[in-house]
Amino acid sequence: MARALGADAARQVQATPATAESSVERAGNWRVVGVVADGRGQGAALLVRDEGTPRPYRVGAPLPSGGRVLRVERDAVWLELGDGGPAMRLTLPPRTAPSR
C-alpha cells in the first residue's frame, strides 16, 4: 500500500499549484510520506501521526484528530487540523537517491 501511494507515482501527475504562506514537512503530530494525485486536487495521501503506522486518507476523509484532508497535490497534501487554525500544506520529504 505504501508503495502505491509513494512519491514516484505522484510525480508523474501534474497538479494545479496552490499558494500557501508556508509549506512544512510536519504539522503538529502529522507528516506526509506519500501521495497519489489526479491533477484536480483529488487523490489520497499516506500520513503518519505520532510516528505511528502510515495510513491512507482520501480527500475529504476525516482525521482521527478531528481535522480532514482538503486537497492532494503531486508533492504535498493540505490538511485542516480541526483546531480552528488555517489549513496546512504538508510537503513530501526530499527524495534520496537509491543506494546501490
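**Notebook: contacts, core and loop**

I began with Val77 and listed its contacts, leaving aside its neighbours within four places in sequence: Val32, Ala45, Leu47, Val69, Arg71, Val72, Met88, Arg89 and Leu90. I note that the model is a predicted one.

**Entry on the core.** I next looked up the largest nonpolar core and found that it has 16 residues. Val77 is listed among those with the most contacts inside this core, together with Trp30, Leu47, Val69 and Leu79. Which strands each supply at least two residues of this core? I recorded β3, β4, β6 and β7. The greatest contribution comes from β3, which gives four residues.

**Entry on β6 and β7.** I then turned to the pairing of two of these strands. Strand β6 covers residues 68–72 and strand β7 covers residues 76–80. How do they run, parallel or antiparallel? They run antiparallel, and four bridges join them. I looked up Val69 and found that its bridge partner in β7 is Leu79. Both Val69 and Leu79 are also named among the core residues with the most contacts. The connection from β6 to β7 is a hairpin, made through three residues.

**Entry on the aromatic pair.** I searched for paired aromatic rings and found one such pair in the structure. Its members are Trp30 and Tyr57, which are arranged edge-to-face. I noted a distance of 5.9 Å centre to centre and an angle of 85 degrees between the planes. The angle counts as edge-to-face because it is over 60 degrees. Why does this pair tie together parts that are 27 residues apart in sequence? Trp30 lies in strand β3 (residues 30–37) whereas Tyr57 lies in strand β5 (residues 55–58), so the pair links those two parts of the chain. Are Trp30 and Tyr57 buried or exposed? I recorded both as buried. Trp30 appears again in the core, among the residues with the most contacts there.

**Entry on the loop between β4 and β5.** Finally, I examined backbone angles. Most residues other than glycine have a negative phi. I found that Asp50, which is not a glycine, has a positive phi of about 55 degrees. Glu51 is not a glycine either, and its phi is positive at about 60 degrees. Where is Asp50 found? I located Asp50 in the loop between β4 (43–49) and β5, and Glu51 also has its place in the loop between β4 and β5. Glu51 has 52% relative accessibility, so I entered it as exposed, the cut-off being over 50%.

Key
Residues are numbered from 1 along each chain as its sequence is written. This is a predicted model: local features need pLDDT of at least 70, side-chain atom pairs count only at pLDDT 80 or more; totals for chains, interfaces and linings use all residues. Side-chain values use heavy atoms; hydrogens and water are left out. Rings of Phe, Tyr and Trp (its six-membered ring) pair if their centres lie within 6.5 Å; planes under 30 degrees apart count as stacked, over 60 as edge-to-face and the rest as tilted. Buried means under 20% relative accessible area, exposed over 50%, partly exposed in between (1.4 Å probe, protein chains only). Two strands pair if DSSP finds at least two bridges between them. A nonpolar core is a set of buried Ala, Val, Leu, Ile, Met, Phe, Trp, Tyr and Cys residues joined through side-chain atoms within 4.5 Å. Contact means heavy atoms within 4.5 Å.
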